[in-house]
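Student: I am new to this structure and should like to understand how its charged residues are placed. May we proceed by question and answer?

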Amino acid sequence: MKVFRGLDVIVAEYKATDQVPTEARAFTGWDQFALWFAAASLPAAWLYGGYMTAAYGLPGAFALIFLVSTVTFIPWALIGYIAADKGASSVSLLRPAFGLRGSKLPSVFYLFFGYGWAAVNVFIAAISMSFVLNITVGWPSAFDPTAPVPNYFMVPSILLVCGIQGFFATAGHRAIRYLNWASTVALVVFGAYASYIVLKDFNFGQLWAWRPAGPLSFAFTAGTIGSGFTYTLTFPVLLDLLIAYNWTWEFIGDFSRFARSKKAGTWGPFAGASLAQYWFFSVGALMTVAAFTSGNFISFAASSDPSSSATRLGFGLGAYLIILFATISTNAGNIYASALGISNIATRWKSSLRRLLLVSAVIVVPLALLPLFETNFVFTYIFFLDFLGAIVVPLWTITLVDYFLVKVRRYSDDLFAQEGGHYWYRGGWNWPAVVTLLSGTALYWIIAFGLPTLRETISAALPTIVFVVVVYYFWGRSAWEKHLRALREARLVEASG
């Protein structure tokens with residue numbers, strides 16, 4: 001296979017079904033660290049950090065941030081281990097478990113992660129930028145009651161982010177690598193100053209002692225979803241949302257496949273993403289509690305965002321750059337991952353990956369504008385995380401069980417084939433994995449939306465993980481052993497003939 005070098009990667013990239021050759025795996029552990037530090041540093045983390053305070057204040061938020069987030073990142077990092085081992089993208093890693101054709105189904109879900117997160121990130125960034133622009137040029141902020149509906153003053157920021165992130169995404173994985181190094185430096189410099197602004201006036205003891213009167217709830221009347229729905233942000237519910245938030249960093253394999261070693265592809269992303277989220281989650285949590293204790297709480301999106309505070313102290317341009325760098329760094333990866341998802345679905349489409357990248361960048365633009373017409377963005381954001389959680393929890397659990405337990409770390413290069421080989425199964429479909437994925441997703445939804453009291457007590461993610469591990473381990477292993485026997489028998493017949 002040809003090894004693309006230098007600027008050649010701008011016009012030709014490795015698709016999802018291509019194996020990255022050893023000599024093209026140039027990303028060091030520090031490259032992976034910088035990429036994921038920049039990717040995980042984004043305004044959505046401020047917002048979610050604010051939500052984490054909703055159950056038990058800062059003690060509960062810090063338990064989620066420093067303990068639970070760390071633990072839930074370990075299975076996610078192991079996806080990077082498999083990708084670095086085989087030189088395979090995230091969607092390629094679905095092929096041994098689901099079959100060469102069966103992997104197209106979760107690849108469709110994969111597009112929800114990439115395009116959905118790209119659109120949400122752009123809009124949350126536009127919310128942050130609206131605070132900056134309100135103070136610097138006088139435009140109404142996202143939550144200004146005098147702002148027009150929809151607030152078209154946010155459109156320039158949305159289009160600016162979409163344009164720049166599209167440029168870097170279409171330039172390929174090396175351009176994204178350089179972008180994330182530059183973003184990391186900028187985020188450290190600008191983010192340190194913003195954090196100083198956020199922290200210098202806080203009475204930490206007062207903030208630590210604050211507790212909500214009860215777990216915060218978001219109620220939605222009839223017409224929002226069927227007959228209405230209520231989210232109560234208990235600790236187990238926040239655990240579900242945190243797992244969904246962390247595990248939908250779906251493009252870990254898309255860049256770990258370029259890692260020089262399995263260690264670099266595993267622990268570089270783990271360290272970079274963990275450190276970034278410790279920082280950004282904590283700032284959002286502190287800002288939100290400070291707003292509650294001072295009586296200045298507006299909304300989670302507004303109160304968790306330090307942009308307005310930084311701007312009032314003369315840091316307007318710097319705050320804008322933080323948001324711009326953070327969002328573009330993340331979404332360039334989301335767009336790249338979405339293009340790879342398309343390349344796994346349309347395996348016979350001869351279009352270059354660069355063209356797929358351009359298509360993906362364009363698709364994000366109208367999606368990022370849609371929240372302008374949404375009257376309850378808080379609900380949309382939370383429901384979006386929950387919807388994805390119902391998919392990613394069984395999806396990545398199956399992938400890990402398949403690699404480490406069913407096939408005991410032995411994936412053959414047949415996973416890059418168009419048809420035939422070890423992972424052809426029954427016409428290209430491995431039904432134990434497909435059925436377990438769909439039933440696991442259904443179980444998550446039943447607990448999350450049909451049994452809310454149970455969900456608020458034990459979460460929806462943990463029972464789903466246990467169900468998927470048990471079902472797929474026994475059913476998948478049995479099916480795999482039968483499949484191997486059938487392959488051996490077919491080869492014996494072929495050899496004797």
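Tutor: Buried means under 20% relative accessible area, exposed over 50%, and partly exposed in between (1.4 Å probe, protein chains only). This is a predicted model, in which local features need pLDDT of at least 70 and side-chain atom pairs count only at pLDDT 80 or more, while totals for chains, interfaces and linings use all residues. Residues are numbered from 1 along each chain as its sequence is written, and side-chain values use heavy atoms, with hydrogens and water left out.

Student: Is arginine 426 buried or exposed?

Tutor: Arginine 426 is found in the loop between helix 17 (377–406) and helix 18 (431–450); helices are DSSP runs of H or I with at least four residues, numbered from the N terminus. Its relative accessibility is 70%, and therefore arginine 426 counts as exposed.

Student: Which residue forms a salt bridge with lysine 86?

Tutor: A salt bridge requires a side-chain nitrogen of Lys or Arg within 4 Å of a carboxyl oxygen of Asp or Glu. Lysine 86, in helix 4 (residues 53–86), has its partner 327 residues away, in the loop between helix 17 and helix 18. The closest N and O atoms are 3.1 Å apart, and the partner is aspartate 413.

Student: Why does lysine 86 count as buried?

Tutor: The partner, aspartate 413, is partly exposed, with a relative accessible area of 43%. Lysine 86 counts as buried because its relative accessibility is 11%.

Student: How many salt bridges are there?

Tutor: Another pair is arginine 455 with aspartate 240, at 2.7 Å between the closest N and O atoms. By the rule given above, the count of salt bridges comes to four.

Notes: Helix = DSSP H or I, 4+ residues; strand = E, 2+ residues; numbered from the N terminus.
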